[in-house]
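Colleague: Hello! Could you walk me through this structure, one question at a time?

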Amino acid sequence: MGNQLRRAGITGVASYVPEKILTNQDLEKMVDTDDEWIKSRTGIEERRIAAEDTATSDLAYRAAEAALEEADLAAEELDLIIVATVTPDMVFPATACLVQDRLGAEKAAAFDLQAGCSGFVYALATATQFVKAGAYDNVLVIGAETLSKITNWEDRNTCILFGDGAGAAVVQVVESGGILANVLGADGSGGELLKVPAGGSRQPTTIETVQNELHYMQMEGNQVFKFAVRIMGKSALKSIEKAGLQREDIDFFIPHQANTRIINAAAKRLKLSEEQVFVNLDKYGNTSAASIPIALAEAVEAGRINKGDNIVLVGFGAGLTWAASTIEWI
Ligand code: COA
């Protein structure tokens, strides 16, 4: 087979979330909010929170192990590991290298990719290129976050939204179907809308940055909301078209789990019924780069995606960024 004909597909997917549950009722005791407001404005009922001694690589490792098992692939066979995250264990080394070591994936290259909540789909698109080009046969793509560690638990505008978790997918050469099209985009002019201001080279950590709480995430929720509603349907349609398909050909939709109102607006634009859209943010909140692979793993496990189905994954997030993949499930 010539390299031009190589196809990439997802051969195994799995997720892992920490045990501790934080409910809306728990949050009522922490900030001025209430369960009804959170549910009606976001759809979220509870989220998972990593233990104090648990880092992003710990969650990533558990999801990775399970995904390898699903794909029936040994870690030693991996050529590349990509971890999409905005909450790495450390600035460096890359979280992907920590996961590589724990898995014993000796021959794998490893790097992190940062594209906010679009990170997993960005990483999936990257893996697709390596596989299609013939550079690698077996790639592990992980979306993993411990957003609780960069959340200001006194800020009701953000602390109700986010949670921790990880999802992983094995991308390999497949004979037919698989990942048909990827669409990636960015608009850096919206970078101010969602950020962690300090701790980087612009504002290195000092006592003052910590006292001013600049090491926590900050968000202009309303602006992000408008952007998300606009971009989700648009990028999904673009990837469907790029795959040579029509909107009607799509069987199942896995949107980034940020807000049910955003998801419903996108589903409407794509003319999808409720049964065709996967929603689990009631249980996990927004887990950023982990949200789409967790949703994908749960949808597959629940039997809602079958061989031959055309599915679309769509993410949006900090950057601003967006990304969509159209996949014929194998
Ligand atoms: N509990 C109760 N009231 C709250 C609240 C909370 N947790 N958070 C905000 N409010 C208040 C606001 O202070 C505001 O009050 P005011 O009108 O007196 O100023 C009011 O509720 C409405 O705020 P607004 O920001 O207009 O609400 P909204 O309908 O836009 O919903 C979000 C807020 C954050 C839920 C919504 O904007 C959103 O989901 N945005 C996208 C966020 C996102 O997805 N980010 C991640 C991207 S990957």
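**Confidence, a helix and a ligand**

Modeller: Gladly! Among the elements of the protein, helix α9 (residues 260-269) has the lowest mean pLDDT, 95, and β4 has the highest, 99. Here pLDDT is the predictor's confidence in each residue, from 0 to 100, while helices (H or I, at least four residues) and strands (E, at least two) are DSSP runs numbered from the N terminus. This is a predicted model, where local features need pLDDT of at least 70, side-chain atom pairs count only at pLDDT 80 or more, and totals for chains, interfaces and linings use all residues. Residues are numbered from 1 along each chain as its sequence is written, and side-chain values use heavy atoms, leaving out hydrogens and water.

Colleague: What pLDDT does the protein average?

Modeller: Of the residues, 99% score at least 70. The protein's average pLDDT is 97.

Colleague: Why are the buried residues of α4 on the same side?

Modeller: In α4 (residues 95-103), the buried residues (under 20% relative accessible area, 1.4 Å probe, protein chains only) are Thr-95, Ala-96, Val-99, Gln-100 and Leu-103. They share a side of α4 because the directions from the helix axis to their C-beta atoms cover an arc of only 140°.

Colleague: Which ligand atom lies 2.6 Å from a polar side-chain atom of Thr-33?

Modeller: Thr-33 is among the closest of the 22 residues that surround the ligand, counting residues with a heavy atom within 4 Å. Its polar contact (a pair of N or O atoms within 3.5 Å) is with a nitrogen atom.

Note on methods:
Buried < 20%, exposed > 50% of the residue type's maximum accessible area, 1.4 Å probe, protein only. Polar contact = N/O pair within 3.5 Å; in protein donor to acceptor, adjacent residues only side chain to side chain.
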